[in-house]
Amino acid sequence: MAMKSTMRSFKYDYMGLDAESIKYSLANRLEYSVGKDLYTATDRDWLNVTSYVVRDRLMERWMETMRSYYKEDAKRVYYLSLEFLIGRTLGNSLLNMGIHDACHQALRDIGLNLEEIRELEPDAALGNGGLGRLAACFLDSMATMNIPAYGYGIRYEYGMFTQRVENGRQVEHPENWLRYGNPWEFPRSEVLYPVKFHGRVVEYPDESGQRRYHWVETDEVMAMAYDTPIPGYKTNTTNNMRLWSAKATRDFDLKYFNEGNYIKALEEKNESENLSKVLYPDDTTAMGRELRLKQQYFFVSASLQDILRRFRKSHFHFDKLPDKVAIQLNDTHPVLAIPELMRLLMDIHGLEWKRAWDITVRTFSYTNHTLLPEALETWPAKLFEDMLPRHLQIIYEINHHFLKDVMHQFPGNMDLLRRMSIIDEDNGKRIRMAHLAVVGSHKVNGVAALHTHLMKTTIFADFHRFYPGKIVNKTNGITPRRWLHHANQALTELISSRIGEDWTTNLDELRKLAPLADDPVFRSQFQAVKRANKERLAVMIKKTLGVTVNVDSMFDIHIKRIHEYKRQLLNVLHVITLYNRIRANPSAHVVPRTVIFAGKAAPGYAMAKLIIKLINDVADIINNDPAVGDRLKVLFIPNYNVSTAETLIPASELSQQISTAGTEASGTGNMKLALNGALTIGTLDGANVEIREEVGEDNIFIFGLTTHQAEELRRNGYNPWDYYHGNHELKQVLDMIGTGYFSPNEPALYQPVIDALTHHGDHYLLLADYASYIACQERVAELYADPQEWTRKAILNVAHMGKFSSDRTIREYAEEIWQVNPVKITLEPREEGKKVKQK
């Protein structure tokens with residue numbers, strides 16, 4: 001009641017950033033937006049009310065940002081990504097806008113807890129793994145650095161899936177993140193574009209005799225925009241993330257409806273709107289593959305129509321397009337944008353081929369995220385012929401001109417032409433999307449120094465020779481605002497108390513922490529922060545899994561998408577080795593360890609799902625063995641997402657980055673964990689190489705074959721049986737898995753795992769790296785037994801993470817690829833908390 005009486009007496013500045021003004025806004029929004037009062041409002045109502053209040057304060061910045069870009073005629077960056085794993089928005093927005101404490105105070109004054117309200121917000125299910133999280137970090141950095149930028153993607157109604165573990169197995173359930181609505185988005189029903197599929201192409205001469213093409217008799221789906229503001233940190237810049245939702249061209253067929261055939265009446269609507277229903281439909285079926293390709297074209301077609309509409313507001317000549325528009329393709333998923341822009345320029349706007357191609361190449365740049373040949377997208381030409389016939393024609397034409405140029409430079413080299421062709425003729429005529437991306441972009445970048453080197457020397461070696469200078473490196477980064485300032489507030493406060501707050505926008509400032517690694521007081525404070533974070537994680541584990549963990553044990557964390565090349569299985573082999581050693585010598589001193597796994601397996605990836613089952617079966621045996629006790633615990637945290645990561649990462653002490661050398665493009669989990677004071681155990685793969693360069697060889701645990709050694713081993717004839725028979729502990733571990741020690745009710749359950757590691761050649765070299773990994777883990781345990789030295793090295797890891805800020809990555813993109821300049825957004829100053837006596 002005190003709140004109501006205060007509001008009657010005074011009118012506060014509705015958009016003020018102080019606690020009293022925010023409190024006034026909360027009351028206003030509760031009554032007029034949610035239609036509730038203090039007595040009837042639920043916790044979820046308060047989540048929506050608080051989100052609206054924060055969102056309101058973004059509006060002036062957002063509008064002024066958009067106006068300024070038009071006023072300055074700024075060159076804009078358009079980041080096209082099939083994923084944006086942004087996590088929860090409320091807490092991040094509060095910190096970026098600098099009103100976290102004021103909002104906390106306002107809610108506390110009316111008897112509410114901000115942290116409890118924040119926990120109700122679902123993670124936005126707009127991505128799956130590192131690709132989507134990188135895109136989200138980049139959006140944050142572009143806004144923070146005042147880069148004129150937009151993110152374009154799909155507004156998935158359901159995420160990939162909610163992962164539950166039932167009887168040790170991953171079970172997929174619908175991830176309905178929009179069940180209660182999304183207070184952060186703005187539906188733009190007026191921003192609607194047609195997207196075509198199927199049909200046929202008609203060729204005709206125009207008035208000047210030039211050949212022109214009409215794509216006719218098509219099926220159409222409408223793409224409707226939903227906008228989300230993306231605020232920068234301590235800046236007025238608020239950029240836009242525009243996501244597309246599929247809408248039918250008509251709601252239902254009235255003829256069928258009146259006949260009583262209600263299913264048929266809605267069939268077209270449902271089929272059309274399936275396009276934006278689910279992130280990554282299962283592509284193990286023909287229908288799933290067709291839907292995935294439709295998704296890719298749907299979002300790039302809508303995005304390009306929108307980009308050209310915006311460009312045409314201020315410019316009449318398309319020759320200026322590359323001067324005002326930079327389009328970044330995040331992996332091969334958006335690469336259909338290249339032939340789509342060609343189609344729009346030629347078929348809709350009448351440009352001739354040479355001019356359209358020059359504009360297209362200068363507009364696009366492409367980021368490659370994988371070295372695995374099987375992960376480089378290819379699509380059957382037959383599927384294109386049916387679904388996107390005009391684009392198939394354009395791709396054939398691009399390939400014709402490209403191969404002609406290659407032939408002129410390397411005459412007579414037919415094998416080179418075959419290797420470089422956009423069309424793979426050896427496997428049933430398939431379109432190589434990565435080749436199309438390289439040919440159709442002015443710059444192609446890798447995401448770590450090793451990855452870029454391998455691009456130039458392996459998968460794109462021919463292209464590097466043909467296009468010297470086109471392939472460049474842009475080592476990935478992470479936003480320190482989300483992954484330290486937001487996720488680990490206790491460590492943030494400790495760091496800022498010693499070196500100030502400039503590190504939040506200049507991560508190189510963390511180097512000032514290096515001398516403090518030898519300060520016993522700072523080390524003690526650092527240890528206290530880590531322990532508090534471990535206790536917080538222990539509470540979550542108890543609540544989620546019902547398992548009590550020893551917070552004095554080493555928290556050994558392996559959090560990634562489940563995939564054979566990421567080698568969660570190698571970690572399991574080490575866990576079983578530790579278990580066997582404890583069982584064989586119960587009285588031996590063992591450094592206690594809690595091994596935590598988290599990550600999702602693709603629904604159709606049988607081996608990855610079997611590895612999850614193995615982890616849980618091993619955990620069941622070990623966690624319930626009285627001979628082991630608290631010395632070793634194994635846990636699998638289900639449904640790994642951004643919010644879960646924000647609890648796991650600050651508590652981590654050992655970071656598992658153990659992919660086979662030469663397989664991981666970069667990784668960003670390694671950066672997040674090190675930034676939060678975890679020591680890395682890893683191979684010389686991806687960004688691990690550069691992390692070692694930054695933190696020093698003495699402050700990281702490196703093991704295993706290098707990329708060159710792995711290639712040489714395979715070339716000389718790798719035989720995993722030699723390692724099986726040559727290492728007693730390894731043989732014992734594999735025999736236990738293969739004979740049903742961990743699956744007594746199904747003794748042969750894990751035979752496919754053993755077959756993959758032995759009979760089928762151990763493609764990812766787990767057995768070859770096993771002994772080195774075990775020896776490295778022994779060094780880990782030895783160091784952990786010396787808490788002061790462990791903490792010293794952990795502090796040095798934090799101190800040397802400056803290079804891995806996404807701000808640095810974006811600065812390099814902006815200067816070297818996009819050629820865009822920052823635009824500073826200025827607002828009229830506001831008198832905060834001003835009270836006006838009501839008349």
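**Group meeting: a walk through the model**

Hi everyone, let me start with one residue: Arg-432 counts as buried, because its relative accessibility is 14% and the cut-off for buried is under 20%. Please keep in mind that this is a predicted model.

So where does this arginine sit? Arg-432 belongs to strand S15, which covers residues 430-432. Setting aside neighbours within four places in sequence, Arg-432 contacts Glu-377 and Thr-378, then Arg-418, Arg-419, Met-420, Ser-421, Ile-422, Ile-423 and Asp-424.

Next, the nonpolar cores. Which residues touch the most other members of the largest one? In that core of 155 residues, they are Met-142, Trp-244, Phe-298 and Trp-818. Apart from it there is another core, of 123 residues, including Leu-494, Ile-495, Val-529 and Ile-754.

Let me stay with Trp-818 for a moment. Leaving out residues up to four places away in sequence, Trp-818 touches Lys-75, Val-77, Met-142, Ala-326, Gln-328, Ser-365, Ile-810 and Tyr-813. Met-142 is on that list, and Met-142 is also among the residues touching the most other members of the largest core.

Now over to helix H27, residues 688-695. Its buried residues are Asn-688, Val-689, Glu-690, Ile-691 and Val-695. What do they pack against? Three helices, H18 (449-457), H26 (669-675) and H33 (787-799), along with strands S21 (654-657) and S22 (679-682). Right after H27 comes Gly-696, with a positive phi near 95 degrees.

On to the second largest pocket. Its volume is about 1500 Å³. Of the 42 residues lining this pocket, the closest to its centre are Arg-88, Glu-119, Asp-123, Ser-643 and Thr-644. How does the lining divide by class? There are 15 charged, 14 polar and 13 nonpolar residues.

Several elements each give at least two residues to that lining: helices H4 (90-97), H6 (114-118), H20 (480-486), H21 (489-499), H22 (520-545) and H25 (642-651), plus strand S4 (162-166). H22 provides the largest share, with seven residues.

Last topic, the cysteines. How many disulfides are there? The count is zero, where a pair would need its sulfur atoms within 2.5 Å. Cys-103 counts as buried because its relative accessibility is 2%, and Cys-137 also counts as buried, at 1%.

That's my tour. Thanks for listening, and do rotate the model while we chat!

Definitions and conventions:
Residues are numbered from 1 along each chain as its sequence is written. This is a predicted model: local features need pLDDT of at least 70, side-chain atom pairs count only at pLDDT 80 or more; totals for chains, interfaces and linings use all residues. Side-chain values use heavy atoms; hydrogens and water are left out. On a 1 Å grid over the protein atoms alone, a cavity is a set of points where a 1.4 Å probe fits but cannot get out, and a pocket is an open set with protein on both sides within 12 Å along at least five of seven lines; lining residues have an atom within 4 Å of a point. Grid points are joined across faces, edges and corners, and a volume is the space filled by probe spheres set on the points. Helices (H or I, at least four residues) and strands (E, at least two) are DSSP runs, numbered from the N terminus. Ala, Val, Leu, Ile, Met, Phe, Trp, Tyr, Cys and Pro count as nonpolar, Asp, Glu, Lys and Arg as charged, and the others, Gly among them, as polar. Buried means under 20% relative accessible area, exposed over 50%, partly exposed in between (1.4 Å probe, protein chains only). A nonpolar core is a set of buried Ala, Val, Leu, Ile, Met, Phe, Trp, Tyr and Cys residues joined through side-chain atoms within 4.5 Å. Contact means heavy atoms within 4.5 Å.
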